[in-house]
Amino acid sequence: MKYWLMKSEPSTYSIDDLKRDKKTAWEGVRNYQARNFMRDHMKRGDHVLFYHSNATPPALVGLATVCKESYPDPSQFDPRNKYFDQKATPEKPIWYLVDICFEEKFETPLSLEQIKNIRGLEKMLVVQKGSRLSVQPVEKKHFEHIVTMLSKHKGK
DNA sequence: GCCAACGTTGGC
DNA sequence: GCCAACGTTGGC
């Protein structure tokens, strides 16, 4: 079982959107490192911290799970899509994604500012300066720390 | 293979 | 809106 953090701008796709949809395809990731995590390492049942970037304040806002393992991102083949990639073909896809399913919206988000100031979480990738990765691994101890603090389903 | 120019991310 | 920190592109 692995743990991840996925970023989304709430104006693009928020935790409330995921709550409504129950499930979503994580389209539009165009960074190789993030792609590799999704394509090669994210497994069904892995836990995901949902993060709002470019938000006021930027914060962890909920939990999701990986509910479908990697497959080619369909948006790369669609010329009308903003994520269209001319170099990609269905025979040779470049970009991959996973589906994630809604688990929980935190009653109280955990802001980036708070994470920086909580002893034990200050080493998380997301608070490192210049960490722009939109899909990133999270250490088990960090995940559990956060779930213990925020989740209704503590310690599962 | 280097690296300058450019584009993007995301906190502030 | 600014800009630092990255990642990507493409000429050489």
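Me: If a polar contact is a pair of N or O atoms within 3.5 Å, how far is a phosphate oxygen of DNA strand B from an N or O atom in the side chain of K7?

Reply: The model is a predicted one, and K7 is among the residues that surround DNA strand B in it. The pair joins a phosphate oxygen of the strand to an N or O atom in the K7 side chain, and the computed distance is 3.0 Å.

Me: Which residue places a polar side-chain atom 2.5 Å from a phosphate oxygen of DNA strand B?

Reply: N54 also has a polar atom 3.0 Å from a phosphate oxygen of this strand, but that atom belongs to the backbone. The side-chain atom at 2.5 Å from a phosphate oxygen belongs to Y51.

Me: What share of the atoms of DNA strand B that come within 4 Å of the protein is sugar and phosphate?

Reply: The strand is surrounded by K7, Y51, S53, N54, P58, L112, K116 and R132, and by class this surface has three nonpolar, two polar and three charged residues. Of the strand atoms that come within 4 Å of the protein, sugar and phosphate account for 67%.

Me: Which element gives the most residues to the largest nonpolar core?

Reply: That core has 22 residues, and M42 is one of those with the most contacts inside it; M42 touches, among others, W4, M6, F37 and V135. The elements that give two or more residues to the core include β1 (3–8), α2 (32–41) and β4 (59–72). The element that gives the most, with four residues, is β4.

Terms used:
Residues are numbered from 1 along each chain as its sequence is written. Chains are lettered from A and ligands numbered from 1 in the order in which they are written. This is a predicted model: local features need pLDDT of at least 70, side-chain atom pairs count only at pLDDT 80 or more; totals for chains, interfaces and linings use all residues. Side-chain values use heavy atoms; hydrogens and water are left out. A nonpolar core is a set of buried Ala, Val, Leu, Ile, Met, Phe, Trp, Tyr and Cys residues joined through side-chain atoms within 4.5 Å. Buried means under 20% relative accessible area, exposed over 50%, partly exposed in between (1.4 Å probe, protein chains only). Contact means heavy atoms within 4.5 Å. A residue is near a molecule or strand if one of its heavy atoms lies within 4 Å of it. A polar contact is a pair of N or O atoms within 3.5 Å; within protein, one must be able to donate a hydrogen and the other to accept it, and residues adjacent in sequence count only if both atoms are side-chain atoms. Ala, Val, Leu, Ile, Met, Phe, Trp, Tyr, Cys and Pro count as nonpolar, Asp, Glu, Lys and Arg as charged, and the others, Gly among them, as polar. Lists of a residue's contacts leave out its neighbours within four places in sequence.
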